[in-house]
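Student: I should like to take a close look at one part of this model. Could you please guide me through the place where its two chains meet, and set it in its surroundings?

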There are 2 protein chains.
Amino acid sequence: MSEQVVEAELTWTEDGFRPGVQLAVDAAGRIVAAGELGRVPSRRLPRRALLPGFVNAHSHAFQRGLRGRGERFPRGAGSFWTWRQAMYELVAALDRQRLYELSRQAFAEMLAAGITAVGEFHYLHHEDAAARDHAFDEVVAAAARDAGIRLVLLATVYQQGDVGRPLAGAQLRFATPDAAAFWRRVDRLAARLDGPLQSLGVAAHSLRAVPPEVLAELQRQARQRGMVLHLHVEEQRREIEACVARYGRTPMELLNHHLEVDAAVTAVHCTHTAAPEMARFLAAGGNVCLCPLTEANLGDGIAGVPAMLAAGGRLCLGTDSNARIAMCEEMRWLEYVQRLAGERRGVCCDGDGRVDRALLACATRHGARALGLRAGRIAPGCWADLVAVDLDHPSLAGWDRDTLLAAFILGGRDDAVAEVFVGGRRAWPAARPAAGS
Amino acid sequence: MSEQVVEAELTWTEDGFRPGVQLAVDAAGRIVAAGELGRVPSRRLPRRALLPGFVNAHSHAFQRGLRGRGERFPRGAGSFWTWRQAMYELVAALDRQRLYELSRQAFAEMLAAGITAVGEFHYLHHEDAAARDHAFDEVVAAAARDAGIRLVLLATVYQQGDVGRPLAGAQLRFATPDAAAFWRRVDRLAARLDGPLQSLGVAAHSLRAVPPEVLAELQRQARQRGMVLHLHVEEQRREIEACVARYGRTPMELLNHHLEVDAAVTAVHCTHTAAPEMARFLAAGGNVCLCPLTEANLGDGIAGVPAMLAAGGRLCLGTDSNARIAMCEEMRWLEYVQRLAGERRGVCCDGDGRVDRALLACATRHGARALGLRAGRIAPGCWADLVAVDLDHPSLAGWDRDTLLAAFILGGRDDAVAEVFVGGRRAWPAARPAAGS
């Protein structure tokens, strides 16, 4: 791809939507200049408003296979743990082909929802569990490449079935018992990824699945390689009880104790995390990733978002189980759940009291920070990952430059996303075949 | 329109989705027979699954004009009451033309979301507040007619600005101080509505706006005419405090005391209603309408849905402020908010423990009951109000007949609704002009 100059009717800047903004994008797909450049656009986008592409900081693509399933409770109410059983049944049934199809499907739906980069928290490693073949790692990378989404593959360590318990059943497909073998695998994978669209990070599944000292060593290795580190933290009360019983500390206390927390560390969920430990983690620069649709579907509970924000927390968002893939719905329900719980409006606000801008930051630059990406802003040095919103969409009718973002996030239909660009190339909708072909 | 026979690939019956179901629809738009009729279809719908059209039991269409507005909180968090101030500013600015445009826009968006019938809780009566001209009543009816949606216009009584306080400012556009004049107006309107697509019910705005004895007389008049009666109940704690201070009873206690509660009475919101009075209202046959997206946007609080269901409550759904118009999102968050609050899955279930069927009932036949409509089922005697779901939509990929409904409600994209029929006619998308025209 050669250098291009993109000009939409409106473009999101740190100062709101502005007309007449040109983006110079280099052949590698990076924005090199943005503003009133006085250039002739090579790509005009009339009746479109450009936003930074959404960054999905937490996904398990294969769980797309559960859509519409596990929603029957004939023996009374279910829980996270009954859902996990259904998920393990899916895990046991997957082969390479089916995993590819599900992952590609999920990534394509993400693009259609304006998501241009995904942090795939990948713990489903083995097609042949006995051989620990890691065959599924490259399957996921291939699915992302073929879908055209930017991928940060978070290679995940999973050592035990629960605190102090061996892996069992479907969990054997997750097994990474040997740290040296894990890192050999990661380093080999790094060499095979698809150029600028793909990079690697690591994850510890959770402090259920990884003992604290293994987590600490994982971080040391990751830091040497400049990789981010993610883990699930305190999504369920049972995890807290198990850690306290075994280690005398909650998962977040263990994390604060054993890790050097900084911007390269992301704790996912933190649904039941106590405010003081949460504040300590955030003050050190850690990221928190919330997954409103999944946490709601799973009945996890209501996270203490006001305390997180009071501690200066940079929250990002993930589609997690991919039960529904809709970044605007994630954004609005991040705020709405807190409005319901606190009986007040305007919980997630920026310094000017704007909800729309605060939610956009969660869905873009905070996610990019958590994944170690130069993305999430329309600014020089960032990837040209862009969402083009349809200014003629009926669900936005009545917009002006000041209300457009809130109308889109809180009131827009899913199909108000008109086009999506990754690294300057149109990734969604797929180009139609030329006439006659 | 002449009689027709409709056959889709799948059709929702009380027994799930079935293939080969034919619907005979008479010239008036009613289903007269449904099943394997052995007829030649006049309208085939391949790759479509038919559901009963959604019934939106509570809407204020004009509030579509607030989309994207009132989401800035520069002086700290807002509340329902700061939102109401923004709404009153819109009310003060509307004229006949603008009200028509906003209402028609809202009704068209409802159709696109699969909503075939709306209960428009209409309290914005007067273009000329001093003359009490009721000019806006027919504007709303015209907008619904032109959009093609089935309308139950709930003509609303509004007598005081708050408990014991006179109307003021924008509220003067709501004023219906004289009961005799109100009913003359209602009876005249009944004669002018648009045939089988439009009917009338009444509402009392709330026990803030209508004293209990006026409410009781309103019900007597409504019962004589076979009309349903709706009112807002206990959306905000302040309303409860004001009623207790003035009358020594909560709004729901007043309602149970002063009304003959039956299937023709619908209480909207009941966010803060105490369980015993709630159970009494439901045991008498009353309906409760919840509005998950609006209640979340406004920060109302979390309603006691488990207690409502335990009391046999038939819950219906409304899009209320129309901040976003998405009936599937209303359905899933009716359930999801309760999962978050109770940390368990499967709160709204039918007798078989199925969440999808319970939520569909809320969005269809429970709403039809609340509005007094023969609708909300695909069955003889009901209007042929239908939603055609796109079986090839990517967001539903992987469906089977058992999972399709849950996949659509919990995981479908907005544009998985392919076509919508009202009284047997296609109401959305609008027919394209013939080639060359």
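Tutor: The following account begins with a single chain, turns to the interface, and ends with some details of the backbone.

The model is a predicted one. Chain A contains 14 helices and 16 strands. Its C-alpha trace spans about 65 × 55 × 50 Å along the principal axes. For a chain of 437 residues, a compact globule would have a radius of gyration near 22 Å, and the 21 Å of chain A agrees with this. Of these 437 residues, 63% count as buried. Contacts that link distant parts of the sequence are also frequent: among contacts between residues at least 6 apart in chain A, 73% join residues at least 24 apart.

The surface of chain A may be described next. Chain A exposes about 15,000 Å², and carbon and sulfur atoms supply 48% of that area. As for charge, chain A has 51 positive and 51 negative charges, and the mean positions of the two sets are 2 Å apart.

We now come to the interface itself. The size of an interface is often given as the accessible area lost when the parts come together. Here chain A and chain B bury about 5,400 Å² between them, with 51% of it on carbon and sulfur atoms. On the side of chain B, the residues that lose the most area to chain A are B:Leu340, B:Arg345 and B:Arg413, which together account for 16% of what that side buries. In terms of contacts, 65 residues of chain A meet 65 residues of chain B.

Some details of the backbone complete the picture. In chain A, a cis peptide bond joins A:Trp428 and A:Pro429, with omega about -10°. A:Pro429 lies in the segment after strand 16, which covers residues 425-428 of chain A. In chain B, a cis peptide bond joins B:Trp428 and B:Pro429, again with omega about -10°, and B:Pro429 lies in the segment after strand 16 of chain B.

Two residues other than glycine have a positive phi. A:His269, with phi of about 90°, belongs to strand 11, residues 265-269 of chain A. Because its relative accessibility is 1%, A:His269 counts as buried. B:Arg132 has a phi near 45° and is found in the loop between strand 7 (115-122) and helix 3 (135-147) of chain B. At 44% relative accessibility, B:Arg132 counts as partly exposed.

Technical notes
Residues numbered from 1 in each chain as written. Chains lettered and ligands numbered in written order. Predicted model: local features only at pLDDT ≥ 70, side-chain atom pairs only at ≥ 80, totals over all residues. Heavy atoms only, no water. Helix = DSSP H or I, 4+ residues; strand = E, 2+ residues; numbered from the N terminus. Rg over C-alpha atoms; globule rule 2.2 N^0.38 Å. Buried < 20%, exposed > 50% of the residue type's maximum accessible area, 1.4 Å probe, protein only. Contact = heavy atoms within 4.5 Å. Areas by Shrake-Rupley, 256 points an atom, 1.4 Å probe, with all protein chains shown as cover. Lys, Arg positive; Asp, Glu negative; His and termini not counted. Charge placed at Lys NZ, Arg CZ, Asp CG, Glu CD. Buried area = accessible area lost by both parts, 1.4 Å probe.
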